[in-house]
Amino acid sequence: MKIAIGNDHAGYEAKVEVVKELEKQGYEVVDCGCYSKDRCDYPDLSVAVAEKVLSYEVDFGVLICSSGEGISMAANRVKGIRCGLAYNDEVAALIKQHNNANIISFGAKFMSVEDIVKRINIFKDSSFEGGRHEQRVAKIEKI
């Protein structure tokens, strides 16, 4: 499985540790930056990950900033992206099951690396349920 990951300066330290853990688990990780704690603009990293997802170069994307909100908002501006903030384990599953999310985001200030990795695995192991959710996702795609 191949994952694209992106972060801003506030998510850099968490990203480094998350990548190590994911690679230990056998994932191939495409690091879209940023590559230091120097200030950067999270919309740029959101787009970089979104492009990898939309081109099918990766199976899904992961974004990390301070809160997980801004980087998620930027990703969701890219047509075809459905990014959700996985603030707990149940939501990590639901954003895939109900919304067919293709990117998952996290707030490094509010989540441990262990929680982030656990929720990435929950997300990966979840499947879109289709059914009544298909119509809603189709409406999102038309926006």
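The following exchange examines how several descriptions of this predicted model are justified.

Colleague: What makes strand E3 mostly covered?

Modeller: Strand E3 spans residues 60–65, and 6 of its 6 residues are buried. The term buried requires a relative accessible area under 20%. On one side lie Phe60, Val62 and Ile64, and on the other Gly61, Leu63 and Cys65; with these residues all buried, both faces of E3 are covered.

Colleague: Why is Asp59 called partly exposed?

Modeller: Asp59 has a relative accessible area of 47%. Buried means under 20% and exposed means over 50%, so Asp59, at 47%, is placed in between and is called partly exposed. Asp59 is found in the loop between helix H2 (42–54) and E3. Asp59 is also 43 residues from Asn102 in sequence, and their C-alpha atoms are 7.9 Å apart in space.

Colleague: How do you know that E3 pairs with strand E1 and with strand E5?

Modeller: Pairing requires at least two bridges between the strands. Strand E1 (residues 2–7) and E3 are joined over 5 bridges, in the parallel sense, and Ile5 stands opposite Val62 in E3. E3 and strand E5 (residues 103–107) also pair in the parallel sense, over 5 bridges; here Ile64 stands opposite Phe106 in E5. Each pairing therefore satisfies the criterion of at least two bridges.

Colleague: What makes the span of helix H1 close to the expected value?

Modeller: Helix H1 covers residues 12–24, which is 13 residues. The expected span is 1.5 Å times one less than the number of residues, and for H1 this gives 18 Å. From its first C-alpha to its last, H1 reaches 19 Å, which is close to that expectation.

Colleague: How do you know that the buried residues of H1 line one face of the helix?

Modeller: The buried residues of H1 are Ala14, Lys15, Val18, Val19 and Leu22. Viewed down the helix axis, these residues fall within an arc of 135°, so they line one face of H1. An α-helix has 3.6 residues a turn, so residues three or four places apart point the same way.

Colleague: Which classes of residue make up the lining of the largest pocket?

Modeller: The largest pocket has a volume of about 310 Å³. Of its 15 lining residues, the closest to the centre are Asn76, Ile81, Arg82, Ile140 and Glu141. By class, the lining has 7 nonpolar, 4 polar and 4 charged residues. Strand E4 (83–85) and helix H6 (132–142) each supply at least two residues of this lining.

Terms used: Residues are numbered from 1 along each chain as its sequence is written. This is a predicted model: local features need pLDDT of at least 70, side-chain atom pairs count only at pLDDT 80 or more; totals for chains, interfaces and linings use all residues. Side-chain values use heavy atoms; hydrogens and water are left out. On a 1 Å grid over the protein atoms alone, a cavity is a set of points where a 1.4 Å probe fits but cannot get out, and a pocket is an open set with protein on both sides within 12 Å along at least five of seven lines; lining residues have an atom within 4 Å of a point. Grid points are joined across faces, edges and corners, and a volume is the space filled by probe spheres set on the points. Helices (H or I, at least four residues) and strands (E, at least two) are DSSP runs, numbered from the N terminus. Ala, Val, Leu, Ile, Met, Phe, Trp, Tyr, Cys and Pro count as nonpolar, Asp, Glu, Lys and Arg as charged, and the others, Gly among them, as polar. Buried means under 20% relative accessible area, exposed over 50%, partly exposed in between (1.4 Å probe, protein chains only). The arc is that of the directions from the helix axis to the C-beta atoms.
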